[in-house]
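Dear colleague,

I am handing over the structure below, and my notes on it follow. Please keep it open beside you as you read.

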Amino acid sequence: MSENEAAANKLSLELLSAFELTCGGNTVPLPLGAQRLLAYLALRPEGVHRGATAQQLWPDHPCHRAAANLRSALCQGRRVGCVTMIDCIGQRLRLSPVVHVDLLWIRDSARRIIDGFAPSPADSEACIEQFTRELLPGWTDEWLHADRENWDQMRLYALEGLAQRLLTAQQYLSALRAALAATAIDPIRETAHRTVIEIHLAEGNIANAVRCYQHYKAYVQHELDVSPSPQMAALLKGLPCMERERQRHSAPPKTVGPVLGRRPRKTVGSRSRDAAATLSERYGQRWNDGPKRDL
């Protein structure tokens, strides 16, 4: 096969941001069942048993109905033109190696960054953009939950590691972009927020650092009723605003003593008794002052 023919038959499967199958740069429309089958196999390059595939893709259907749906999806998505996309090896199904899956090579880039590889500045910008993309957003299939969680955790660690390396290299803008991308994936996770504060402090933007700390502190207290870790507070240690806050929280509560020169308030019962005594004295005095008659 010539290079032109190879380019014309090149199959690419995109799972990040949206499902899209292209052949030679042209989009190939597929029914939903075939899309789900290709995505499921792409996330399991080692292959899956036919029965397990049918049960995972159609869990609410009886076994015979799920098997029939699988056969229909295979007929619709196994081949594109003259290229076979799904290999059937006995009872196992596997996505053909000729199909280039975007998630697989982007995941390899994330793993290299986690392992300590530092990409070039141009590659860093591309990696940040790639790591912000979600896995098949809008799909609600149960079998996708674990794959989506695995991808989110991997890109989180990759973005945080990339932000730290860019911070060390004093590439503050790219470092801030990577750290903020990580906070958007998981707003509660503290690691990326600490990196954002470190970047602001490295640039001398103390007010921005304090504002980020206060926003994060208010957020986690509202959501989980917890406070930031001592590691985050230590980043701002020594700043006047942080010292005032620490002293305010560590100061003992003020005790309110009695106020001199003020008569104690009477209760409702004591006021009633006083009023009755006054009436009794008034009528008794009137009886004593009136004319006396002989009995």
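Aspartate 225 lies in the loop that runs between helix 10 (206-224) and helix 11 (230-235), and in this predicted model its phi is positive, about 60 degrees, although the residue is not a glycine. With a relative accessible area of 67%, aspartate 225 counts as exposed, because the cut-off for that word is over 50%. A positive phi also appears at serine 17, again a residue other than glycine, where the value is near 80 degrees. Serine 17 belongs to the loop between strand 1 (11-14) and strand 2 (20-23), and its relative accessible area of 40% makes it partly exposed.

Turning to the interior, the largest nonpolar core holds 63 residues, and those with the most contacts inside it are Leu13, Leu15, Phe19, Leu21, Leu38, Phe131 and Leu135. Helix 7 (residues 144-168) supplies the largest share of this core, namely 10 residues. A second core, separate from that one, has 9 residues, among them Ile197, Tyr213, Met232 and Leu236.

Phenylalanine 131 deserves a paragraph of its own. Leaving aside residues up to four places away in sequence, phenylalanine 131 touches Ile106, Ser109, Ala110, Ile113, Trp151, Arg155, Ala158, Leu159 and Ile185, and with a relative accessible area of 0% it is buried.

As for the aromatic rings, the count comes to 3 aromatic pairs, of which I describe two here. Tyrosine 40 and tryptophan 143 form an edge-to-face pair, with 5.2 Å centre to centre and 90 degrees between the planes. This pair links distant parts of the chain, since tyrosine 40 is in helix 2 (residues 32-42) while tryptophan 143 is in the loop between helix 6 (121-131) and helix 7, 103 residues apart. Tyrosine 40 counts as buried at 4% relative accessibility, and tryptophan 143 counts as buried at 6%. In the pair of phenylalanine 131 and tryptophan 151, the ring centres are 6.4 Å apart and the planes stand at 65 degrees, so this pair is edge-to-face. Here too distant parts of the chain are linked, with phenylalanine 131 in helix 6 and tryptophan 151 in helix 7, 20 residues apart. Tryptophan 151 is buried, its relative accessible area being 2%.

Lastly, there are charged groups over rings to look at. The charged end of arginine 36 sits over the ring of tryptophan 58, 5.5 Å from its centre, and the charged end of arginine 189 sits over the ring of tyrosine 157, 4.7 Å from its centre.

With kind regards

Key: Residues numbered from 1 in each chain as written. Predicted model: local features only at pLDDT ≥ 70, side-chain atom pairs only at ≥ 80, totals over all residues. Heavy atoms only, no water. Core = buried A, V, L, I, M, F, W, Y, C linked by side-chain atoms within 4.5 Å. Buried < 20%, exposed > 50% of the residue type's maximum accessible area, 1.4 Å probe, protein only. Helix = DSSP H or I, 4+ residues; strand = E, 2+ residues; numbered from the N terminus. Contact = heavy atoms within 4.5 Å. Phe/Tyr/Trp six-rings, centres within 6.5 Å; stacked < 30°, edge-to-face > 60°. Lys NZ or Arg CZ within 6 Å of the ring centre and 35° of its normal.
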